[in-house]
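Please read this note with the model open beside it, and check each point by eye as you go. The points move from single residues to strands, rings and a helix.

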Amino acid sequence: MISKYMLKNIYIFILGFLLPSLCIAQEEVKDTVVVSNNKQQLVNIGYGIQPKWMVSGAVSSVDGDRLEKSFTSNLSNTLSGNLNGLTVFGGGGEPGLQSPTMRIRGVNTFGSGRDVLILVDGYEIPIGQIDPEEVESVVALKDAAATSIYGSKGANGVLLITTKRGKEGAFKINLNVQHGYSSPINLPEYFGSYDYATLYNEALVNDGKTEIYNSTDLEAYRSGNQPYLYPNVNWYDEVLRDAAPLTKYNLSFSGGDQTVKYYVVLGIINEQGLYKKTEGLSDFSINTNYQRFNYRTNVDINLSKRLSAHLTLGGTIANKSNPADNSTSNIFNSMSLIAPNAFPVYNPNESYGGSSLYSNPYGDILELGKYTSNERVFQGIFKLSQQLDMITPGLSISGEIALNTTFKGISNKVRTYSRYGYSINELGEEVYTKIGEDTSLEPIEKQFNQFQSTAIRAFLDYSRSFGDNSVNGLLMFNTSNYTPRVGDLPYYDRGVFGRFTYVSNKKYIGEFSFGYNASDNFPSGKRWGFFPAISAGWIVSNENFLKDHSTVNFLKLRGSYGLVGNDNIGGKRFMFFEDWGGVGRYYFGTGNKSTGSYGEEATPNEDVTWEKQKQFNIGLDATLWNKIELSFDIFKQHRYDILAKPYNEVPAFLGLTLPDLNVGKVENKGVESMIRFNSDAAKPFQYYAQLNVWYAKSKIIDNSEVAKLNEYLYRSGHPVNQPFVFEAIGLFEDESDIVTSPTQIFTDVQPGDVKYKDQNNDGVIDDSDLYPIGHSNIPELTAGLSSGFSYKGFDFDVMFQGVTNRTSYLSGSYYEAFQNNGKVSKIALNRWTEATKEGATYPRLSAENNINNYQRSTFWQRNGSYIKLRSIELGYSLPENLINKLGLNNARIYLNGTNLFTLDKLKKEERVSSGYPSVRTYSLGVKFQF
């Protein structure tokens, strides 16, 4: 007879299949994570799981609950500071386009393939669309012992994301609702029309020209009495609102017994953009909006005593919309350039203002058109596992098949609209000068693209203990292919991977792992590579002299050395093939008559291969007084066979182009540390604090550079992405200073222009004077500090992230007054004039494009160090007697803030960046468990 409990399990199992069918989207699988049980903490280390005490490689992890503290629509942004060794930077604030860049242990190559290998339940799918509430844990694999099992794909580090699965226990329903508002950070502050006109006159005089704004004009701008003839428009105020709503819903079901365990979740997130409401104002536009549906069904079934099945289904459906032909950059560029007095938003007759030079930003978002996209991601994995105890205890075999797809469809409809220049003629009559025509909405772009990958994997596992000794082994075969775009040739990968671990007396750990895989991107006969690694660990705390020590509860020393690879080397595909195509023109006689020519392009590279990296790592893990956890690592990495241009160029008249060669080399080394304090678990007031700090610095050993006249011009010997800039040594004081200084070739300079150092003392400032100064925008040192407490139902959590050894560079129209027909911001307040030249921090104003002053130089470099409050949350869980009356298992209400403030060494006006601004978010949420 079927019990009610079994019926409930069957219902959830069926529901797990129905949700994906209804949503038609995608999933995530399993191959990473830190899981806990009552006896020991387990860590997924790539195609397997080990007890944490047994791990001899360098790994760091964070639980999914930690990531939920940051309210953002992109999972990547929740990782900042949370994973030791993972640096997260960049990204933006536009809904649906917030994906930052991630690096594990800094930058190891100057090649184009620098991205971390990111796997969701073992396979590559877009990480940004995963909901943090689906995530059980995220693990970073950092050294060769941890990554060699990924063969030619592991050199940049591996990020393993494991989604939640069902556990034995009662049927549970969890509901989480969170609503908040995002507001822009560090919007540009430009001068109004009166100051603009005054400063523009000054710039004209500096250029030797006549002022164009007379006293009547200036008074009209100052008084604001004639807003149509003398407008004063702050385009950011007109186009953007103060805050935009962000809402998230999550509903999950979980539970199971010894036969079936399940986890099912459905999530919805809706994030609106910062443009002012367009609904009801125009039929030709749509506001920026990002809406995503997440679903997941993970089911584990014991089909018999020895046979089990595992189903992982999940995915997303994401809809994004934008106004104005999806031209976010164009809108923000217009707002940063259009002078406040150029034209009003609306004319007296309610037509749009405009000019022949610029469109109307507010009119653009209302009238230019609609852009919409639909992206669907699906991941499905089915796995069967069979225990082979009848052959020998501890032996098992399993196989899985996986399908991962991403489909994106785009619709773009555009039109033009009329604007009018407004003026009053000599007779006092209003004059409207039409610019542009009103047209109907027409589709200009309809396209779709689809990524698809399939994989088949077979595993042979062995795990057995012999007294105080244990042996663990894994062999895996993988065959996969993926097609990045419709019409592309598929990429094929094959490989055999393994790991063998021996533990003696729970004290001494030895491990050998390897990856042996192939890629079709390399020549026949040279497609397979072997990537081995060895590691060892010593559990010092299990030695007699430390056993039962009251201070040192756990102490492990570990070390590893191995070889890993990177097959994402850049360059064209199939570099070993001979390609023919258009190679220029052939001219007849002495005239201009010519015809196109067909010939060999770059010479084939028949020895092209993957990048290789030798890695060395030593570390320790410790627990003291059962309260303090410590971890420390030192690493050194040597990357070679990086693809680079050959230094020996061939004369053009030979008609030969040399191929890129695997000749580059980079060294990278650093340290990582973690310390965590946990309070006494028996006390009512619980608290913790954890500090992660890591440092990594690269050095180019060989860049295949052509010979340089000056030693300091070589990139070799410097970090990857080292800035080469002119060294600014002040502003020219007067004509005498100009005459006695080296000639700057960019433009004729005047007093108040930027003065550069002549590095080679040849009397000329040119590209030979570029000098390695500053750091890249990728920090060398990163830290994350998280802390929290709980007491009598209240809980509090806070997360700070900081970086240093990083350089910010001030660039763009905000920092370049009046350049490219732009306007002037408040950064020019302390500009050079005859009266202020002693303390001026900004060059003289110029209405012409001043190439000299805006060269890449130290004048625009700033210390990019900062500390950010990434997240803060205060919650309250209702008391047990109350939730019992309500029929709940748990109920919690919480306030959350994300990306609230930054402490740095920049002035307020130096924090502005171009484009869509970053945002801070405030939210209120409730969680119920039934």
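1. Is S480 buried or exposed? With a relative accessible area of 16%, S480 is buried, where buried means under 20% relative accessible area, exposed means over 50%, and partly exposed covers what lies in between, with a 1.4 Å probe and protein chains only. S480 is found in strand 20, residues 469-483, and helices (H or I, at least four residues) and strands (E, at least two) are DSSP runs numbered from the N terminus. Leaving aside neighbours within four places in sequence, S480 is in contact with T454, A455, Y491, Y492, D493 and R494, contact being heavy atoms within 4.5 Å.

2. A word on the basis of these values is due here. This is a predicted model, in which local features need pLDDT of at least 70 and side-chain atom pairs count only at pLDDT 80 or more, while totals for chains, interfaces and linings use all residues. Residues are numbered from 1 along each chain as its sequence is written, and side-chain values use heavy atoms, with hydrogens and water left out.

3. K669 can be set beside S480 for practice. K669 is placed in strand 29, residues 661-678, and counts as partly exposed at 44% relative accessibility. Not counting residues up to four places away in sequence, K669 touches F635, K636, Y695, A696 and K697. From K669 to E202 the separation is 467 residues in sequence and 52 Å in space, taken C-alpha to C-alpha.

4. The strand that holds K669 leads on to its partners. Strand 29 and strand 30 (residues 686-702) run antiparallel and are joined by 14 bridges; two strands pair if DSSP finds at least two bridges between them. The bridge partner of N678 is Y688 in strand 30. Strand 30 is also joined to strand 37 (residues 781-791) by 10 bridges, again antiparallel, and here W694 stands opposite T782 in strand 37.

5. A separate sheet deserves a look. It is an open sheet of 4 strands in the order 4-8-9-7, with mixed pairing. Its edge strands, each pairing on one side only, are strand 4 (59-63) and strand 7 (117-120). Strand 8 (residues 135-141) and strand 9 (residues 158-163) pair in the antiparallel sense over 6 bridges, and L141 stands opposite V158 in strand 9.

6. How many aromatic pairs does the structure hold? There are 50 aromatic pairs, a pair being rings of Phe, Tyr or Trp (its six-membered ring) with centres within 6.5 Å, called stacked if the planes are under 30 degrees apart, edge-to-face if over 60, and tilted for the rest. The rings of Y420 and Y432 have centres 6.5 Å apart and planes at 85°, so this pair is edge-to-face. Because Y420 lies in strand 17 (residues 419-424) and Y432 in strand 18 (residues 430-435), the pair ties together parts that are 12 residues apart in sequence. Y420 is partly exposed at 22% relative accessibility, and Y432 is partly exposed at 26%.

7. The rings of F522 and W610, with centres 5.1 Å apart and planes at 80°, likewise make an edge-to-face pair. F522 lies in the loop between strand 22 (508-519) and strand 23 (528-539), and W610 in the loop between strand 26 (594-600) and strand 27 (611-624), so the pair ties together parts that are 88 residues apart in sequence. Both F522 and W610 are buried.

8. Ring pairs also link Y196, Y200, Y213, Y221, Y230 and F818 into a cluster, and Y221 appears again among the buried residues of helix 5 (residues 215-223), which are D217, L218, A220 and Y221. Seen down the axis of helix 5, these buried residues fall within an arc of 160° and so line one face of the helix, the arc being that of the directions from the helix axis to the C-beta atoms. They pack against helix 4 (193-206), whereas the face turned away from the buried side carries the exposed residues S215, T216 and R222.

9. One backbone angle should be checked. Phi of N805 is near 55°, a positive value in a residue other than glycine. N805 is placed in the loop between strand 38 (794-804) and strand 39 (807-809), and is partly exposed with a relative accessible area of 26%.
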